[in-house]
Amino acid sequence: MRQLLAETGYERLTVDAVAARAGIGKAAIYRRYASKVELAFAASVHDDDLPPPADTGSLHDDLLAIARRVHARMNAPAARQIGPAVIAELARSAELTEKFQQGPLAAERELYAKVLDRAAARGEIARPIDPAVVHLLVSGPIFFAVFGYRVPVDDAVLETIVTTVTAGLRP
């Protein structure tokens, strides 16, 4: 899928071509993905199954590990190519937005929930914190930098984002 995406570009990518390349029927793809954008996102960024977040022993370093992983996924060539298409499709389709909220975005928020639970158990944060808000605070700037402004994001930028967010979460 990624190779085909690189060859054709997102606009010319078809589910028929993906099925032919994979040697399966188009119906097999549509049983799992309702649209080309869902298929491309799962293949290029991630599906609903994410590895557990790193347990570094500190809230800051756990969030930095997630930020680095988010940046690496978003900055991959295939993801950079489909990012604008995903944004456009989400803006047009409430149904797709709901699927993303219940699927990949829920998986991402679960990573943040685990990190926040560990930080609370260590006494680093004292109040309940909504993982969806922390997800927006950490992943949002990375997403916008990569897909909106298309500015370079390096480890120093990730460090600044996470340091700022962590400072705001601590009592």
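## Aromatic pairs, a pocket and salt bridges

Phe 143 has a relative accessibility of 32% and therefore counts as partly exposed, since this class lies between the limits of 20% for buried and 50% for exposed. The structure described here is a predicted model.

**Aromatic rings**

How many aromatic pairs does a search of the whole structure find? The search finds 2 aromatic pairs. In one of them, the ring centres of Phe 143 and Phe 147 are 4.9 Å apart and the ring planes meet at 65 degrees, so this pair is edge-to-face. The class follows because planes over 60 degrees apart count as edge-to-face. Both residues belong to helix H9, which covers residues 131-149. Phe 143 and Phe 147 are 4 residues apart there, and about one helical turn separates them. Unlike the partly exposed Phe 143, Phe 147 is buried, with a relative accessible area of 10%.

Phe 144 and Tyr 149 form an aromatic pair as well, and its geometry is also edge-to-face. Here the centres lie 4.7 Å apart, with 80 degrees between the planes. Phe 144 is partly exposed at 44% relative accessibility, whereas Tyr 149 is exposed at 61%.

A further ring takes part in a contact with a charge. The charged end of Lys 36 sits over the ring of Tyr 10, at 4.2 Å from the ring centre.

**The largest pocket**

The largest pocket holds about 500 Å³ of space. It is lined by 23 residues, and those closest to its centre are Leu 90, Leu 105, Glu 108, His 135 and Phe 143. Helices H5 (59-75), H6 (77-92), H7 (94-102), H8 (104-122) and H9 each give two or more residues to this lining. Which element supplies the largest share of the lining? That element is H9, with 7 residues. Sorted by class, the lining of the largest pocket consists of 14 nonpolar, 6 polar and 3 charged residues. Phe 143 thus appears in two settings: it pairs with Phe 147, and it is among the lining residues closest to the centre of the largest pocket.

**Salt bridges**

The count of salt bridges comes to 12. One of them joins Arg 118 to Asp 55, with 3.6 Å between the closest N and O atoms. Arg 118 lies in helix H8 and Asp 55 in the loop between helix H4 (36-44) and H5, so the bridge ties together parts of the chain that are 63 residues apart in sequence.

Arg 118 also meets the side chain of Asp 62 in a salt bridge, at 3.0 Å from N to O. This pair links distant parts of the chain, as Asp 62 in helix H5 and Arg 118 in helix H8 are 56 residues apart.

Asp 62 in turn forms a salt bridge with Arg 122, the closest N and O atoms being 3.7 Å apart. Arg 122 lies in helix H8 and Asp 62 in helix H5, so parts that are 60 residues apart in sequence are tied together. Through shared partners, salt bridges join Asp 55, Asp 62, Arg 118, Arg 122, Glu 124 and Arg 170 into one network.

The table gives the accessibility of several members of this network.

| Residue | Relative accessible area | Class |
|---|---|---|
| Asp 55 | 53% | exposed |
| Asp 62 | 0% | buried |
| Arg 122 | 33% | partly exposed |

Definitions and conventions: Residues numbered from 1 in each chain as written. Predicted model: local features only at pLDDT ≥ 70, side-chain atom pairs only at ≥ 80, totals over all residues. Heavy atoms only, no water. Phe/Tyr/Trp six-rings, centres within 6.5 Å; stacked < 30°, edge-to-face > 60°. Buried < 20%, exposed > 50% of the residue type's maximum accessible area, 1.4 Å probe, protein only. Lys NZ or Arg CZ within 6 Å of the ring centre and 35° of its normal. 1 Å grid on protein atoms, 1.4 Å probe; cavity = no way out; pocket = protein on both sides within 12 Å on 5 of 7 lines; lining within 4 Å. Points joined across faces, edges and corners; volume = space filled by probe spheres on them. Nonpolar A, V, L, I, M, F, W, Y, C, P; charged D, E, K, R; others polar. Salt bridge = Lys/Arg side-chain N within 4 Å of Asp/Glu carboxyl O.
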